Amino acid sequence: NGRRAAAEQALRDALVAVDPAAHADRAAAHARAARWYSGALCHPGETLAQAQRALAELDRVAEPDRVLVSSALALGAWGAAVVGRVAVSDELLRRMAEIDLDVDDPDVRCELANAHAFRALAEGKLDEAAEHFESIAGAPGIAPDRAYGVRINLACMLAAQSRYADALRC
């Protein structure tokens with residue numbers, strides 16, 4: 001909801017309450033925080049940090065939740081691309097491709113498309129970024145805040161390419 005101090009306090013409180021050995025639960029808290037930071041709180045560096053914490057916890061789980069792993073990798077790749085840590089973004093996207101996770105969760109599919117789009121933007125590839133946004137724009141099941149962000153980003157990419165009529169249709 002954009003109230004960063006309250007969200008950060010809630011995260012600290014949750015982590016204090018969760019057993020340090022409960023790696024799956026701790027990973028879920030960090031992954032949720034990464035999602036907060038990639039949305040209304042909009043802090044890409046903290047998105048990356050929380051995603052890395054989630055992945056570190058998931059590395060200690062025998063059979064980690066595939067959706068959680070996918071989300072943490074995609075969110076981390078997005079955060080890394082936005083803050084200019086392109087090699088980190090590439091590594092997280094490589095890991096995602098390497099483990100070949102079949103992602104059915106609409107929000108994770110959106111996070112992955114967003115990560116690829118912002119990775120393309122890091123190299124000034126507006127056409128490629130627009131393609132990634134278009135691949136997910138209007139997809140069913142995406143959370144409203146994510147769907148809105150995709151359409152806004154797509155409109156910006158189209159406008160930057162002087163495709164104003166297309167941008168207005170977003």
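Let me begin with S162, which counts as partly exposed because its relative accessibility is 48%; buried means under 20% relative accessible area, exposed over 50%, and partly exposed in between, with a 1.4 Å probe and protein chains only. S162 sits in the loop between α8 and α9 (164-169). Although S162 is not a glycine, it has a positive phi of about 65 degrees.

A word on the source. This is a predicted model, in which local features need pLDDT of at least 70 and side-chain atom pairs count only at pLDDT 80 or more, while totals for chains, interfaces and linings use all residues. Residues are numbered from 1 along each chain as its sequence is written, and side-chain values use heavy atoms, with hydrogens and water left out.

I turn to the fold. The chain has nine helices and zero strands, where helices (H or I, at least four residues) and strands (E, at least two) are DSSP runs numbered from the N terminus. In sequence order the pattern reads α-α-α-α-α-α-α-α-α.

What radius of gyration does the chain have? The value is 16 Å, which agrees with the figure near 15 Å for a compact globule of 170 residues; it is taken over C-alpha atoms, and the globule rule is 2.2 Å times the number of residues to the power 0.38. Along the principal axes, the C-alpha trace spans about 55 × 35 × 30 Å. Of the 170 residues, 41% count as buried. Taking contacts (heavy atoms within 4.5 Å) between residues at least 6 apart in sequence, 60% join residues at least 24 apart.

Next, the interior. The largest nonpolar core has 36 residues; such a core is a set of buried Ala, Val, Leu, Ile, Met, Phe, Trp, Tyr and Cys residues joined through side-chain atoms within 4.5 Å. Those with the most contacts inside this core are L55, L58, L73, L92, A129, F133 and I136. Two or more residues each come from α2 (23-38), α3 (44-58), α4 (66-82), α5 (86-98), α6 (106-121), α7 (126-136) and α8 (144-160). The largest share, eight residues, is given by α4.

Which residues does L73 touch? Leaving out residues up to four places away in sequence, L73 touches L55, L92, R95, M96 and I99. Apart from the largest core lies another, of seven residues, including A7, L11, A29 and Y37.

Finally, the charges. The chain has 19 positive and 25 negative charges, and their mean positions are 5 Å apart. Here Lys and Arg count as positive and Asp and Glu as negative, without His and the chain ends, each placed at NZ of Lys, CZ of Arg, CG of Asp or CD of Glu.
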